[in-house]
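Here are a few exercises to work through with the model open beside you. Try each one on your own before you read the solution.

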Amino acid sequence: MNTRMKAAQISKAGGDWELVERDLPQPKTGQVRVRVEACGICHSDVLVKEGLWPGLQYPRVPGHEVAGRIDELGDGVTAWSKGQRVGVGWHGGHCFVCEQCRRGDFAMCVNRKVTGVDFDGGYAEYMIAPANALAAIPDELPAEEAGPFMCAGVTVFNALRNSGARAGDVVAVHGIGGLGHLGVQYARQMGFETVAINRGQDKQPLAQQLGAHHYIDATANDVVAELQKLGGARVILATAPSAPAISALVDGLSPGGTLLVPAAPAEPLSINVFSLILRRSSIAGWYSGTAKDSQDTLEFSVLSGVHPLIEKYPLDRVAEGYAQMHSGKARFRVVLTFTN
Ligand SMILES: [Zn+2]
Ligand SMILES: [Zn+2]
């Protein structure tokens, strides 16, 4: 049995990737150790790389799109077993005692932890996770596909399934990238009339292949007019990181429609509130989901044939993989793979 492991860490805000050897961590009460098989590189990992998370402690191993197998159980873990395939996502556990937890709203726990931010994540051969942050991975799902579902997947899946849209409603996905290419697939599989919106023509064939009934090229068309031709969108899932583009979308909503924003653009939105009032429409954020939500995402994806499009990099090439994610050129999720 190995007593050492390889990990990729950041030791200061803005620091470079460091490949290091560390002692194998031991799970404490209520925790498990996961042998990592794949870990997605998410745009939110920039929070660790650049030190943008308040109170972040270094060195830190990022990574919150983890898929692997339990290889050691801490005391008191009864619902999970050694060898079981598990995912660990952005939601890194909750306290069970705060006001929100007492109401059962674990995602809103005031003491919630974030994997790879508050504790070391999956850019390593092994990691420690609280048992309450584990999602079981269905047998049919390869680890490199399960990884991206643990943040990107659950975020858009959970946003859409809680959006209030019903089968047959018009749901638009703005931006066909890391989040959007999954959003289009989920929207289609949930039974919505699915509209993909992106700049240019080059992503049209792909968007249609992913299940979009309609494609709007935002450089050649008036997006709002096109959406209103369909009666307006009950939900617009805004995934492109452009504040002006997102702000303009409110006029494309149907009465009572919602502009859902699961990922923050750098700049504030500038919203025409009169437009919101006239349509009784709203704009809302969406925050990830619990481990059970992630497990639902994995199971729904297998059931309905939703797949992430991925580019794989071995852990040794983490700097290259991260740069590829950050360039915006990845199609569409970058995933670290492990050969241990
Ligand atoms: Zn993420
Ligand atoms: Zn709590």
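**Exercise 1.** Work out which residues coordinate the zinc ion (ligand 2) and what arrangement their donor atoms have.

*Solution.* Keep in mind that this is a predicted model. Start with the donors: Cys95, Cys98, Cys101 and Cys109 each offer their SG atom to the zinc ion (ligand 2), at 2.3 to 2.4 Å. Next, look at the angles. The four donor atoms subtend 103 to 119°, and four donors count as tetrahedral if all angles lie between 85 and 135 degrees. The arrangement around ligand 2 is therefore tetrahedral. For reference, the ideal angle for four tetrahedral donors is 109.5 degrees.

Now for the sequence: the donors of ligand 2 follow the spacing C-x2-C-x2-C-x7-C. Cys95 sits in the loop between strand E5 (85–88) and helix H2 (99–102), while Cys109 is in the loop between H2 and strand E6 (126–130), so this pair ties together parts 14 residues apart in sequence.

Last step, accessibility. Cys95 comes out at 23% relative accessibility, so it counts as partly exposed; Cys109, at 2%, counts as buried.

**Exercise 2.** Find the residues that coordinate the zinc ion (ligand 1), and say where Cys42 and Cys151 lie along the chain.

*Solution.* Pick out the donors: Cys42 (SG), His64 (NE2) and Cys151 (SG) coordinate ligand 1 at 2.0 to 2.2 Å. Their spacing along the chain reads C-x21-H-x86-C. Cys42 and Cys151 link distant parts of the chain, 109 residues apart: Cys42 is in the loop between strand E3 (31–41) and helix H1 (46–49), and Cys151 is in helix H3 (residues 143–161).

Are these two cysteines buried or exposed? Buried means under 20% relative accessible area, so Cys42 at 6% makes the cut, and so does Cys151 at 8%.

Stay with H3 for a moment. There's a kink of about 55° in this helix, centred on Phe149. The rest of the structure largely encloses H3, because 17 of its 19 residues are buried.

**Exercise 3.** Describe the second largest pocket: its volume, its lining and the element that gives the largest share of that lining.

*Solution.* The volume is about 260 Å³. Of the 15 lining residues, Pro25, Phe119, Asp120, Met127 and Ile128 are the closest to the pocket's centre. Strand E6 gives the largest share of the lining, with four residues. Sort the lining by class and you get nine nonpolar, three polar and three charged residues.

**Exercise 4.** Check the backbone: which residues do the cis peptide bonds at Pro59 and Phe332 join, and what are the phi values of Phe96 and Arg280?

*Solution.* Take the cis bonds to begin with. One joins Tyr58 and Pro59, with omega about -5°; Pro59 is in the loop between H1 and E4. Another joins Arg331 and Phe332, with omega about -10°, and Phe332 is in the loop between helix H10 (318–327) and strand E15 (333–337).

Then turn to phi. Phe96 has a positive phi near 70° without being a glycine. Phe96 belongs to the loop between E5 and H2 and is partly exposed, at 46% relative accessible area. Arg280 isn't a glycine either, yet its phi is positive at about 50°. Arg280 lies in the loop between helix H8 (273–279) and strand E13 (282–285), and at 72% relative accessible area it is exposed.

Definitions and conventions:
Residues numbered from 1 in each chain as written. Chains lettered and ligands numbered in written order. Predicted model: local features only at pLDDT ≥ 70, side-chain atom pairs only at ≥ 80, totals over all residues. Heavy atoms only, no water. Donors = N, O, S within 2.8 Å, 3.2 Å for Na, K, Ca; no water. Helix = DSSP H or I, 4+ residues; strand = E, 2+ residues; numbered from the N terminus. Buried < 20%, exposed > 50% of the residue type's maximum accessible area, 1.4 Å probe, protein only. Bend = angle between axes of the 7 residues up to and from the residue. Tetrahedral: all angles 85-135°; square planar, octahedral: opposite > 155°, others 65-115°. 1 Å grid on protein atoms, 1.4 Å probe; cavity = no way out; pocket = protein on both sides within 12 Å on 5 of 7 lines; lining within 4 Å. Points joined across faces, edges and corners; volume = space filled by probe spheres on them. Nonpolar A, V, L, I, M, F, W, Y, C, P; charged D, E, K, R; others polar.
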